[in-house]
Amino acid sequence: MRGDRRMRVLYVSAEVAPFAKVGGLADVAGSLPHALRSLGVDARTIMPAYAMVESNSSLDVETVIEDFPVIMGNGEVQPAYLKKIDHEGGPIYLLGTNRWFTESVSSETLYRPGGEMHAFFCAGVLRAMELLGWIPDILHANDWHTGFLPVLLKQKAGPAWGSTASVFTIHNQAYQGEFGLESLDWVGLPHYLFNYTQVEAWGRVNFLKSGCAFADHTTTVSPRYAEEIQTREFGHGLEGLMQHLAFTGRLTGILNGIDYDVWNPATDPVLASRFTAETIEGKALCKMDLRARLGLPESEGPIAGMVSRLSHQKGFDLILEGAERLFDQGLQLVIQGLGDPAMVDAFQDLERRFPNNFRLVNRFDPDTANRIYGGSDMFLMPSAFEPCGLGQMIAMRYGTVPIVRSTGGLRDTVQDEFNGFAFHERSAASLVEAVRRAMNAYKGDQWSTIRANCFATDFRWNGPAEQYLETYRRALESRNPERYHELLGERSA
Ligand code: GLC
């Protein structure tokens, strides 16, 4: 018996907004634990102690454990420490070491360097919590970076961990973190364990697959994506395992939410004018302001925005192919994003050719992002695949009508000609056709209804957080029935 009636959840993520962010994972990690706390869960978060977070003087970072050893698989001792930020959304632990996490956070530094630091992070998380004396009921790991956690929990963790259940969430199955067999030695996992989960003959260990195979329960970030990853088209080689998990009741799709306090056009300080569904005039001022800041000329037509990593996933090839036809219809388009250098070149070239219609904001700039959400009429997401997508939800919160390819979470959130426009076929022609329909609606009376439906669609975390809680309960019930009953407030036998 743990004696307290609050479920303890440790949420583990390589990125957490607003401290360190590369993609949508950070937004989820920065808001779901908060929502869980409102449901009475003692949810805490742990992330790597990136130098940029520790040295951020606006944060109150407190040292919790000065110096402790994490013993790696080869017997080498890696010194570690634990710090903490008291955040309104719950405590954020920072696990640090002298060897990694020193560079500033970008997709290159966070995700490229070989997996060894991620293996260390997983081993260190368990050790740190033991020393802290705070053993969670649920260990909630996210994406491949934390894929070894469920494995370590089941195979190597000390007796303290015997009754903790693990939940693993896939935010993007396209990134799996594959490394050589030496990665098992980093944390001292025996090779035989992986005969089932790994293709030993390839000599590769797949961190994402390890996480799913060993977790008590796997979730992904929308119901539709949970189905898609069971198919060859979206499974990236793991469709067999996903089918197995689904068949045995261990795979659930839970739609992400967004934080309605963080994303709020009624209070957003960077907007030229605050607005709501009822005071929509303010949005027109935001649009003027956006044009003025970007040097785009006045026009009768709408502005469409995009805020996204410049990667293949996001469907920028369709935009490039269809751009001229979009601009012929009178559309102005602004894209903010960093990423693929070839795409940056292509979009810079597009800007030179269509200076009255197009702007690329090639930097990470949260203020400009908010001004795009606030000042655009439409928001484009022609993704090749999309596990959930947060952009379309944020756009709707700002009364900006999404135009999306109907896949994954986009399909679960956008209903054609109700709260946006959706197309199926992955082609520039289908995108152009969807934008044409949106432009027609924009000129007529249909627009205000669709925009009102966007405002009215609810993407708060409340509902999804309840679903996570239910998932945690189920995982706990099979792993630790006594604690499960204790938390339900029933007397166990
Ligand atoms: C990944 C996915 C995106 C999802 C986000 C948060 O970035 O690509 O679709 O919204 O994770 O779960």
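Two residues are in contact when heavy atoms of one lie within 4.5 Å of heavy atoms of the other. With that in hand, a good place to start in this predicted model is S430, which sits in helix α18. Leaving aside its neighbours within four places in sequence, S430 is in contact with F423 and E425. S430 also counts as buried, because its relative accessible area is 15% and the cut-off for buried is under 20%.

G399 is another residue tucked out of reach. Its place is the loop between α16 and β16, and its relative accessible area is 0%, so G399 is buried. Once neighbours within four places in sequence are set aside, G399 is in contact with K283, R451 and F455. Compare that with L189: G399 and L189 are 210 residues apart along the chain, and their C-alpha atoms are 50 Å apart in space.

Two of those partners of G399, R451 and F455, turn up again in helix α19. This helix covers residues 446-456, and its buried residues are W447, I450, R451, N453, C454 and F455. What sits over them? The cover for the buried residues of α19 includes the strands β15 (378-381), β16 (401-405) and β17 (421-423), along with the helices α16 (391-397) and α18 (428-443). Helix α18 is also the home of S430.

Now for the nonpolar interior. In soluble globular proteins, nonpolar side chains tend to be buried together. Here the largest nonpolar core has 97 residues, and L95 and F148 have the most contacts inside it. Helix α4 (residues 116-132) gives the largest share of this core, 10 residues. Apart from it lies another core, of 59 residues, with C286, A422, M439 and I450 among them. I450 is one of the buried residues of α19 as well.

How many disulfides does the model have? The count comes to 0. Take C122 and C212: the sulfur of C122 has its closest cysteine sulfur in C212, 13 Å away, which is too far for a bond because a disulfide needs the two sulfurs within 2.5 Å. Seen from the other side, the closest cysteine sulfur to that of C212 is in C122, at 13 Å, so again no bond is possible. Both cysteines are hidden away: C122 is buried at a relative accessible area of 0%, and C212 is buried at 0% too.

Further along the chain, helix α20 (residues 462-479) packs on helix α21 (residues 481-488), with an angle of about 135° and axes 6 Å apart. That angle is why α20 counts as oblique to α21. On the α20 side the contact is made by R473, L476, E477, S478 and R479, and on the α21 side by P481, R483, Y484, L487 and L488. These residues split into 5 nonpolar, 1 polar and 4 charged.

Finally, a few spots in the backbone deserve a look. A17 and P18 are joined by a cis peptide bond, with omega at about 5°, and P18 is found in the loop between β1 (8-12) and α1 (24-38). F101 is not a glycine, yet its phi is positive, near 70°. It belongs to the loop between β5 (90-97) and α3 (107-111). E417, also not a glycine, has a positive phi of about 60° and lies in the loop between α17 (408-413) and β17. Are these two residues buried or partly exposed? F101 is buried, with a relative accessible area of 7%, whereas E417 is partly exposed, at 37%.

Methods:
Residues numbered from 1 in each chain as written. Predicted model: local features only at pLDDT ≥ 70, side-chain atom pairs only at ≥ 80, totals over all residues. Heavy atoms only, no water. Buried < 20%, exposed > 50% of the residue type's maximum accessible area, 1.4 Å probe, protein only. Axes fitted to C-alpha atoms, helices over the stretch in contact; angles between N-to-C directions. Helix = DSSP H or I, 4+ residues; strand = E, 2+ residues; numbered from the N terminus. Parallel < 35°, antiparallel > 145°, perpendicular 65-115°, else oblique. Nonpolar A, V, L, I, M, F, W, Y, C, P; charged D, E, K, R; others polar. Core = buried A, V, L, I, M, F, W, Y, C linked by side-chain atoms within 4.5 Å.
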